[in-house]
Amino acid sequence: MVKMHSDGRVSMTKKEFDRMKDKVKKMSDKGKKFMKGGPSKTKKNELDFTTKKSSTMFNRGGKRQDTAQGSTRVRRPY
């Protein structure tokens, strides 16, 4: 039997805890899927794996650079 304490704590049996843990795990597994070019998980109305306006670095070939290709001027990549 699950009991709520006055200070916000919850008491439950091990069987209840295991059942709840399994349910939470099933729910969290559903949200992990993503695809390149799909909707962004952190920025609404944007695509994932694209350079966002708030980015401060270029990402060319897996390397992080702060200048445009062929330039020496430091700028943001948008």
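**Burial and exposure in a predicted chain**

Colleague: Where does Val10 sit in this chain?
Modeller: In this predicted model, Val10 lies in strand β2, which covers residues 10–11.

Colleague: Why is Val10 called partly exposed?
Modeller: Its relative accessibility is 43%. Buried means under 20% and exposed means over 50%, so Val10, at 43%, falls in between and counts as partly exposed.

Colleague: What makes Val10 part of a patch, and with which residues?
Modeller: Val10 joins Val2 and Met4 in a nonpolar surface patch, and together they have about 290 Å² of accessible area. A patch residue needs over 30% relative accessible area, and Val10 has 43%.

Colleague: How do you know whether Thr67 is buried or exposed?
Modeller: The relative accessible area of Thr67 is 16%. The limit for buried is under 20%, therefore Thr67 is buried.

Colleague: Where is Thr67, and which residues does Thr67 touch?
Modeller: Thr67 is in the segment after β4 (63–65). Leaving aside residues up to four places away in sequence, Thr67 touches Phe58, Arg60, Thr72, Arg73 and Val74.

Colleague: How many residues of the chain count as buried, as a percentage?
Modeller: Of the 78 residues, 12% count as buried. The accessible surface of the chain comes to about 7400 Å², and 56% of that belongs to carbon and sulfur atoms.

Colleague: What is the pattern of elements along the sequence?
Modeller: The chain has one helix and four strands, in the order β-β-α-β-β.

Colleague: Which elements have the lowest and the highest mean pLDDT?
Modeller: Helix α1 (residues 14–30) has the lowest, 75, and β4 the highest, 83. The chain averages 78, and 90% of the residues score at least 70.

Methods:
Residues are numbered from 1 along each chain as its sequence is written. This is a predicted model: local features need pLDDT of at least 70, side-chain atom pairs count only at pLDDT 80 or more; totals for chains, interfaces and linings use all residues. Side-chain values use heavy atoms; hydrogens and water are left out. Patches are made of residues with over 30% relative accessible area and no salt bridge: like charges are joined within 9 Å, nonpolar side chains (Val, Leu, Ile, Met, Phe, Trp, Tyr) within 5 Å. Accessible areas come from the Shrake-Rupley method with a 1.4 Å probe; for residues, only the protein chains shown count as cover. A salt bridge is a side-chain nitrogen of Lys or Arg within 4 Å of a carboxyl oxygen of Asp or Glu. Helices (H or I, at least four residues) and strands (E, at least two) are DSSP runs, numbered from the N terminus. Buried means under 20% relative accessible area, exposed over 50%, partly exposed in between (1.4 Å probe, protein chains only). Contact means heavy atoms within 4.5 Å. pLDDT is the predictor's confidence in each residue, from 0 to 100.
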